[in-house]
Amino acid sequence: MHRFHYVGNTLHCESVDLAAVAKLYGTPTYVYSAATIEDNHRRLVGSLDGLDAQVCYAMKANSSLALLRLLANLGTAFDVVSGGELRRVRAAGAPLDRSVFAGVGKTEAEIRLALEAGIYALHVESEPELARINHVAGQLGRKAPVAIRVNPDVDARTHAKITTGKSENKFGIPLRFAPAAYEAAAKLPHLELKGVQMHIGSQLTAVGPFVEAVEKLTPLVRQLQRDYGITYFSVGGGIGIVYQEALASGEAAWWDAQPADRRPLTPEAYGAALKPLLQPLGLKLLLEPGRFLVGNAGVLLSRVEYLKRGHGRNFLILDAGMNDLVRPVMYDAYHEIVPLQRDTSRRALKVDVVGPICESGDCFAKDRTLQEVGEGEYVAFLSAGAYGQVMANRYNTRPLSAEVLVRGSSFELINARETFEQMIASERVPAWLK
Ligand code: LLP
C-alpha cells in the first residue's frame with residue numbers, strides 16, 4: 001500500500017498537495033513518501049518475524065542520501081555495487097559494517113575501499129574475483145569476508161533484461177561449480193568464508209521462482225555450513241511491485257478484489273513461503289530488496305507542454321523525457337500516468353504520452369486513455385521511486401530532476417535540480433581550438 005491518493009480532486013502524497021510541490025520546485029521532479037517507505041519496510045520485516053534477518057537495501061534502486069538515511073534509521077544496512085555507492089552510504093552517515101558489496105566487476109580500488117570501510121562481506125561472482133580479493137586483503141594484512149553468489153539456473157519469469165539467475169546470465173557461479181569454488185576459496189589465506197548468496201532477478205510477481213531457487217541451493221548451503229561453518233544465507237532481492245493500477249493499489253479494497261491467483265506478490269506471501277525453508281537452516285538471513293522498499297513510494301511530476309493533434313493521433317508532450325525516466329523505453333515498462341487535478345467532467349482522450357527529446361523512442365505510453373489535460377497542467381508517473389532518478393541522464397543537455405521528500409503535511413527538497421553551470425563544470429575547450 002502507498003500514500004498517493006486524491007483528496008477531493010487533487011492528488012496528494014500523504015497530506016501534501018502535489019501541485020504545490022510542482023509549482024514551488026518546478027518539473028520534472030521526483031517526490032517520495034517517507035511513510036510509504038516506512039510501511040514497506042515494516043511489512044517486509046514483519047513477514048520474516050522469527051528469522052534472524054538483516055535487510056540490506058539494494059541502493060541501486062534509489063540512492064538519494066535522504067532515503068539512505070531514512071532507511072538506515074529504520075535499521076537497514078545496504079547492498080552496494082560500486083565504490084561510489086559505498087561512499088554514498090558513508091556520506092549519508094549510515095554504517096557499513098552490516099552492508100555487503102555485490103557486482104561482477106569490482107576493481108582493486110573498490111575492493112580496497114570496501115575492506116578498509118569494514119564491509120560485512122563481499123559477494124563474489126567468479127574465481128578470478130576470489131583471487132583478486134585475496135590479493136588485496138593480503139596487501140592490507142587482513143582477511144576479507146566473502147560469500148559466493150551461486151547461480152541456481154532458475155527462470156524468474158520476469159523481463160529478459162532483469163533476469164539474473166539463469167545459467168546464460170553473467171551473474172554468479174553455476175550451482176554445480178560452487179562446491180569447487182568454495183574449496184578453492186578455502187585454500188586462499190586471506191579470505192574468510194562467511195556466507196552464500198543468490199539473486200535470481202527483479203520485479204518477480206510470483207513466489208514460485210524464489211522457492212525453487214532456495215530449494216535448489218539448500219543441499220549446498222547445508223554442505224557449506226558443515227564444511228566451512230558459514231553463518232549467513234543471502235537470498236537477494238527481486239520482490240515485485242504493482243505498476244498497472246498503481247493508484248488503486250494504495251487501497252485495501254483493491255487488494256481484496258484481486259483473485260487469489262492474480263494477486264501481486266506480497267511480503268506476507270514471500271515470508272510465508274520462505275520461512276519454512278529457511279528456518280531449519282538456522283542461519284542468519286540477508287535480504288537485498290530495492291524496488292519493493294521504494295518503488296511505490298515515489299512519483300515523477302511533469303508538466304504538460306502541448307497537446308498536439310497529429311494525423312489520427314494525439315500527442316501529449318511533457319517536460320519529462322526518457323532521460324528522466326528511462327524504464328518505459330528500456331524495458332517497455334508500464335507506468336500509470338494520472339493528472340494532478342482530476343476533473344470528471346472532462347472527456348477521456350486517447351494519447352501517446354511523449355517527452356521533448358529528439359527521438360521517436362522518447363515515448364512513455366502509446367494509445368493511453370487519459371483525462372484530457374492541456375498546457376500548464378501537471379501529471380504524475382506512479383511507482384517511479386525505484387530505478388527512476390538513479391537511471392536518469394543528461395541527454396539533450398537536460399539537467400537531472402529535483403527530488404523532494406514528503407513526511408505527513410511537510411515536504412522538503414532533498415536534491416536540487418541541476419543547473420546548467422553544474423552540467424558543464426568539468427568540460428574544457430583545448431587552447432588550440434580557441
Ligand atoms: N541484489 C542484486 C544482486 C541485484 O542485482 C539487484 C538488482 C537487487 C538485489 C535488487 O533487486 P530488486 O529488489 O530491486 O528487484 N533497472 C531495472 C532493475 C534492475 C535490477 C538490477 N539488480 C528496472 O528498472 O526494472
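**Entry 1: an N-terminal loop**

I began with Pro-28, which has its place in the loop between helix H1 (18-25) and strand E4 (29-33). I kept in mind that this is a predicted model. The peptide bond from Thr-27 to Pro-28 came up as cis, with omega near -5°. That made me pause, because most peptide bonds are trans.

**Entry 2: another backbone oddity**

Next I looked up Glu-245, in the loop between strand E12 (232-234) and helix H9 (252-257). Its phi is near 60°, a positive value, and Glu-245 is not a glycine. I flagged the angle because most residues other than glycine have a negative phi.

**Entry 3: the domains**

I then turned to the overall layout. The domain assignment splits the protein chain into domain 1 (34-290) and domain 2 (296-423). How far apart are the C-alpha centres of domain 1 and domain 2? I noted 31 Å for that separation. On contacts, 24 residues of domain 1 touch 22 residues of domain 2.

For the size of the interface I went to buried area. Domain 1 and domain 2 bury about 2,000 Å² between them, and 57% of this is on carbon and sulfur atoms. Which three residues supply more than any others of the area that domain 1 buries against domain 2? They are Ala-34, Ala-61 and Tyr-243, with 26% of that area.

**Entry 4: polar links across the interface**

I counted 1 salt bridge between domain 1 and domain 2. I also looked up the salt bridge between the side chains of Arg-407 and Glu-38, at 3.1 Å from N to O. Polar contacts across the interface of domain 1 and domain 2 come to 9 residue pairs, with both residues at pLDDT 80 or more.

Which elements give two or more residues to the side of domain 1 that touches domain 2? I found helix H2 (34-47) and helix H3 (65-74). H2 gives the largest share of that side, 5 residues. By residue type, the side of domain 1 that touches domain 2 has 12 nonpolar, 8 polar and 4 charged residues.

**Entry 5: a salt bridge back to H2**

For the salt bridges as a whole, my count is 19. I picked out the one between Glu-268 and Arg-43, where the closest N and O atoms are 2.7 Å apart. The pair joins distant parts of the chain: Glu-268 is in helix H10 (residues 267-278) and Arg-43 in helix H2, 225 residues apart. As a reminder to myself, side chains of opposite charge can pair when their charged atoms come close.

**Entry 6: around the ligand**

Last, I checked the ligand. There are 18 residues around the ligand, and those that come nearest are Ser-202, Gly-238, Arg-327, Tyr-331 and Tyr-387. I looked at some of the atom pairs one by one. Ser-202 places a polar side-chain atom 2.4 Å from an oxygen atom of the ligand. For Tyr-387, a polar side-chain atom lies 2.6 Å from a ligand oxygen atom. What is the distance from an oxygen atom of the ligand to a polar backbone atom of Gly-290? I wrote down 2.9 Å for that one.

Notes: Residues numbered from 1 in each chain as written. Predicted model: local features only at pLDDT ≥ 70, side-chain atom pairs only at ≥ 80, totals over all residues. Heavy atoms only, no water. Domains from an automatic or database assignment. Contact = heavy atoms within 4.5 Å. Buried area = accessible area lost by both parts, 1.4 Å probe. Salt bridge = Lys/Arg side-chain N within 4 Å of Asp/Glu carboxyl O. Polar contact = N/O pair within 3.5 Å; in protein donor to acceptor, adjacent residues only side chain to side chain. Helix = DSSP H or I, 4+ residues; strand = E, 2+ residues; numbered from the N terminus. Nonpolar A, V, L, I, M, F, W, Y, C, P; charged D, E, K, R; others polar. Near = heavy atom within 4 Å.
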